[in-house]
Amino acid sequence: MLMIPEFIGNPLMPRVVSLYTDQTTSQVYPLKFLYLFARLSSKATDDAKRQLAFKVVDVNKQGVLKHDELFQFYKMLFDKTLTDDQILDMVFKLLDRPDLETAGEVSSEEFQRMVSDREIRARFTVDLQLP
């Protein structure tokens, strides 16, 4: 599935696809395939894409994002352009924001407000080019 041309070069797609993969068979079944591309479609709402993005980052499935998850996420995005120290600095700055409800973690609602429409569309829009 990751060899679909529209996925190549997007470092987030392995994690996105894993959310729709059956854990016992490691396959993406047709209905999940449709759900995946409906969520990634340019016709999907930005809010739906933000919810997907939060699930991609919330690896521990705790409903909040903490240091390790944010570091892994930024590492996926910026591995080739930023050092680990630069990524750590970004994570610490994010988790130290005074507008966070709980210091050291980002809730789903806070994440939704932080991610711009432009950014979410750029990272989470994939339209299949069918022949």
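**Salt bridges, a buried glutamate and a pocket**

Good morning. Arginine 123 and glutamate 119 form a salt bridge, and their closest N and O atoms are 2.8 Å apart. By salt bridge I mean a side-chain nitrogen of Lys or Arg within 4 Å of a carboxyl oxygen of Asp or Glu. Because the two residues are four apart in helix α7, about one helical turn separates arginine 123 from glutamate 119. Arginine 123 counts as partly exposed, at 25% relative accessibility, and glutamate 119 is partly exposed at 25% as well. The terms for exposure are these: buried means under 20% relative accessible area, exposed means over 50%, and partly exposed lies in between, with a 1.4 Å probe and protein chains only.

Before I continue, a word on the model. It is predicted, so local features need pLDDT of at least 70 and side-chain atom pairs count only at pLDDT 80 or more, whereas totals for chains, interfaces and linings use all residues. Residues are numbered from 1 along each chain as its sequence is written, and side-chain values use heavy atoms, with hydrogens and water left out. Helices (H or I, at least four residues) and strands (E, at least two) are DSSP runs, numbered from the N terminus.

How many salt bridges does the structure hold? There are 10. A further one in helix α7 joins the side chains of arginine 121 and aspartate 117, at 3.8 Å from N to O. These residues are four apart in the helix, so about one helical turn lies between arginine 121 and aspartate 117. Arginine 121 is partly exposed at 43% relative accessibility, and aspartate 117 is partly exposed at 35%.

Another salt bridge connects lysine 66 with glutamate 105, where the closest N and O atoms are 3.9 Å apart. This pair links distant parts of the chain: lysine 66 is in the loop between β1 and α4, glutamate 105 is in the loop between α5 and β2 (106–107), and the two are 39 residues apart. Is each partner buried or exposed? Lysine 66 counts as partly exposed, at 36% relative accessibility, while glutamate 105 is buried, at 19%.

Let us stay with glutamate 105. Its C-alpha atom is separated by 6.2 Å from that of valine 64, although the two residues are 41 apart along the chain. Leaving aside neighbours within four places in sequence, glutamate 105 is in contact with Val64, Leu65, Lys66, Leu95, Leu100 and Glu110. Contact here means heavy atoms within 4.5 Å.

The last of those names brings us to glutamate 110, which is found in helix α6 (residues 108–114). Glutamate 110 is buried yet has no salt bridge. Which side chain of opposite charge is nearest to glutamate 110? It is arginine 113, 4.6 Å away. For charge, Lys and Arg count as positive and Asp and Glu as negative, while His and the chain ends are not counted. A polar atom of the glutamate 110 side chain lies 2.8 Å from the backbone nitrogen of serine 107. Not counting residues up to four places away in sequence, glutamate 110 touches Asp99, Leu100, Glu101, Thr102 and Glu105.

I turn now to the largest pocket. A pocket is defined on a 1 Å grid over the protein atoms alone, as an open set of points with protein on both sides within 12 Å along at least five of seven lines, and lining residues have an atom within 4 Å of a point. About 320 Å³ of space lies in the largest pocket. Its lining has 18 residues, and Phe73, Tyr74, Phe111, Val115 and Glu119 lie nearest its centre. The elements that give two or more residues to this lining are α3 (46–57), α4 (67–78), α5 (84–95), α6 and α7 (117–123). Which element gives the most to the lining? That is α4, with five residues.

Finally, some backbone angles. Most residues other than glycine have a negative phi. Serine 26 has a positive phi of about 60°, although it is not a glycine. Serine 26 sits in the loop between α1 (13–19) and α2 (30–40), and counts as exposed at 57% relative accessibility. Lysine 61 also has a positive phi, near 55°, and is not a glycine. Its place is in the loop between α3 and β1 (64–65), and at 67% relative accessibility lysine 61 counts as exposed. Thank you for your attention.

Conventions. A polar contact is a pair of N or O atoms within 3.5 Å; within protein, one must be able to donate a hydrogen and the other to accept it, and residues adjacent in sequence count only if both atoms are side-chain atoms. On a 1 Å grid over the protein atoms alone, a cavity is a set of points where a 1.4 Å probe fits but cannot get out, and a pocket is an open set with protein on both sides within 12 Å along at least five of seven lines; lining residues have an atom within 4 Å of a point. Grid points are joined across faces, edges and corners, and a volume is the space filled by probe spheres set on the points.
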